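Trainee: I have a structure open and I'm not sure where to begin. Could you go through it with me?

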Amino acid sequence: MAANILLVEDETGIQELLKFNLTKAGHQVSVSGDAEHALQFLKNTLPDVILLDWMLPGMSGIDLCKRLRNDERYQPVPIIMLTARGEERDKVLGLDSGADDYMTKPFSPRELVSRIKAVLRRRAPQMTDEPVEVNGLRLDPARHRVQGNGQTLELGPTEFRLLHFFMTHPERVYSRAQLLDQVWGDDVFVEERTVDVHIRRLRLALEPSDHAGLVQTVRGSGYRFSVEVG
Ligand code: CA
């Protein structure tokens with residue numbers, strides 16, 4: 001499970017140590033030395049995980065965390081706070097800020113790698129390789145296969161990712177912009193109506209086993225994957 005990680009940390013020693021170890025674990029790491037730089041970076045790139053140091057020059061890690069949590073675009077991104085303080089009160093503050101997890105320095109890079117895996121599994125299950133099944137529709141990420149009631153369905157790569165995201169985030173409405181962020185990533189520029197095209201293709205691909213109705217249009221809002229009749 002390789003992830004794009006943004007590390008926001010001002011101490012170069014820790015930057016290098018973490019970057020080295022996370023890269024070795026198969027992740028892609030980008031580094032920001034302060035919150036302002038991180039915000040600038042995030043405008044163009046949405047990482048899979050943010051590692052956020054508490055004490056930063058300028059805006060603190062906690063303030064940055066709160067700010068990200070109040071922005072729809074960043075809400076799905078797991079945040080792990082890194083800090084030198086270990087007091088309980090601070091821990092609570094850290095979690096109240098909307099962080100998903102909390103690590104007190106010094107920590108072992110190996111521990112950090114396993115925490116990253118854990119938050120991804122919780123917050124971004126579409127990044128794991130575990131098969132998902134909903135109402136007879138089964139998607140197996142490791143084998144890249146989709147079956148509807150035992151019948152193999154043919155999906156293009158984008159439809160596959162879209163379905164994987166939907167199946168791991170059921171019963172929630174996603175706007176076109178959110179789907180672009182989550183499924184396409186931000187390295188590419190695509191128009192929102194591209195989403196509609198792929199939704200149509202996805203429904204078509206799900207028709208042979210009668211699962212097209214799971215992908216529902218929510219007028220004025222976007223799309224939802226739901227077992228309830230829309
Ligand atoms: Ca610091």
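Mentor: We can start with the chain as a whole, then turn to the metal site and a few single residues, and please keep in mind that this is a predicted model.

Trainee: Okay, so how many helices and strands does the protein chain have?

Mentor: The protein chain has eight helices and 12 strands.

Trainee: And what does the radius of gyration say about the protein chain?

Mentor: For 230 residues, a compact globule would be expected to have a radius of gyration near 17 Å, and the protein chain has 19 Å, which agrees with that expectation. If you look along the principal axes, the C-alpha trace spans about 55 × 35 × 30 Å.

Trainee: What share of the residues in the protein chain is buried?

Mentor: Buried residues make up 48% of the 230 residues. As for the outside, the accessible surface comes to about 11800 Å², and carbon and sulfur atoms account for 48% of that surface.

Trainee: What about contacts between residues 24 or more positions apart?

Mentor: Among the contacts with a separation of 6 or more, 58% are between residues that lie 24 or more positions apart.

Trainee: Switching to charges, how far apart are the mean positions of the positive and negative ones?

Mentor: The chain carries 29 positive and 34 negative charges, and their mean positions are 2 Å apart.

Trainee: Now the metal. Which residues coordinate the calcium ion?

Mentor: The calcium ion is coordinated by Asp10 and Asp53, each through OD, and by Met55 through O, at 2.1 to 2.3 Å. Along the chain, these donors follow the spacing D-x42-D-x1-M.

Trainee: Is Asp53 buried or exposed?

Mentor: Asp53 has a relative accessible area of 2%, so this residue counts as buried, for which the cut-off is under 20%.

Trainee: Let's look at another residue then. Where does Ile79 lie, and what is it in contact with?

Mentor: Ile79 lies in strand S4, and it is buried, with a relative accessible area of 0%. Leaving aside neighbours within four places in sequence, Ile79 is in contact with eight residues that you can pick out one by one in the viewer, namely Ile50, Leu52, Cys65, Leu68, Arg69, Ala99, Asp100 and Asp101.

Trainee: And how far is Ile79 from Met127?

Mentor: Ile79 and Met127 are 48 residues apart in sequence, and their C-alpha atoms are 16 Å apart in space.

Trainee: What about Leu179, which helix is that in?

Mentor: Leu179 is found in helix H7, which covers residues 176–184, and this leucine is also buried, with a relative accessible area of 0%. Not counting residues up to four places away in sequence, Leu179 touches several residues, including Leu162, Phe165, Phe166 and Tyr223. Tyr223 is 44 residues from Leu179 in sequence, yet the two are 8.7 Å apart from C-alpha to C-alpha.

Trainee: Where is Thr158, and what does it touch?

Mentor: Thr158 is found in helix H6, residues 157–168, and with a relative accessible area of 15% it is buried. Beyond its neighbours up to four places away in sequence, Thr158 touches Val183, Trp184 and His198.

Trainee: Okay, changing topic to the backbone. Which residues does a cis peptide bond join?

Mentor: A cis peptide bond joins Lys105 and Pro106, with omega at about -5°. Pro106 has its place in the loop between strand S5 (101–104) and helix H5 (109–123).

Trainee: What is phi of Asn149?

Mentor: Phi of Asn149 is near 50°, which is a positive value in a residue other than glycine. Asn149 sits in the loop between strand S8 (145–148) and strand S9 (151–153), and it is exposed, with a relative accessible area of 56%.

Trainee: And what is phi of Asp210?

Mentor: Phi of Asp210 is near 70°, again a positive value in a residue other than glycine. Asp210 lies in the loop between helix H8 (192–206) and strand S11 (215–218), and at 71% relative accessibility it counts as exposed.

Trainee: One last residue: is Asn70 buried or exposed?

Mentor: Asn70 is exposed, because its relative accessible area is 68%, and the cut-off for exposed is over 50%. You will find Asn70 in the loop between helix H3 (61–69) and strand S4 (79–83).

Note on methods:
Residues numbered from 1 in each chain as written. Predicted model: local features only at pLDDT ≥ 70, side-chain atom pairs only at ≥ 80, totals over all residues. Heavy atoms only, no water. Helix = DSSP H or I, 4+ residues; strand = E, 2+ residues; numbered from the N terminus. Buried < 20%, exposed > 50% of the residue type's maximum accessible area, 1.4 Å probe, protein only. Donors = N, O, S within 2.8 Å, 3.2 Å for Na, K, Ca; no water. Rg over C-alpha atoms; globule rule 2.2 N^0.38 Å. Contact = heavy atoms within 4.5 Å. Areas by Shrake-Rupley, 256 points an atom, 1.4 Å probe, with all protein chains shown as cover. Lys, Arg positive; Asp, Glu negative; His and termini not counted. Charge placed at Lys NZ, Arg CZ, Asp CG, Glu CD.
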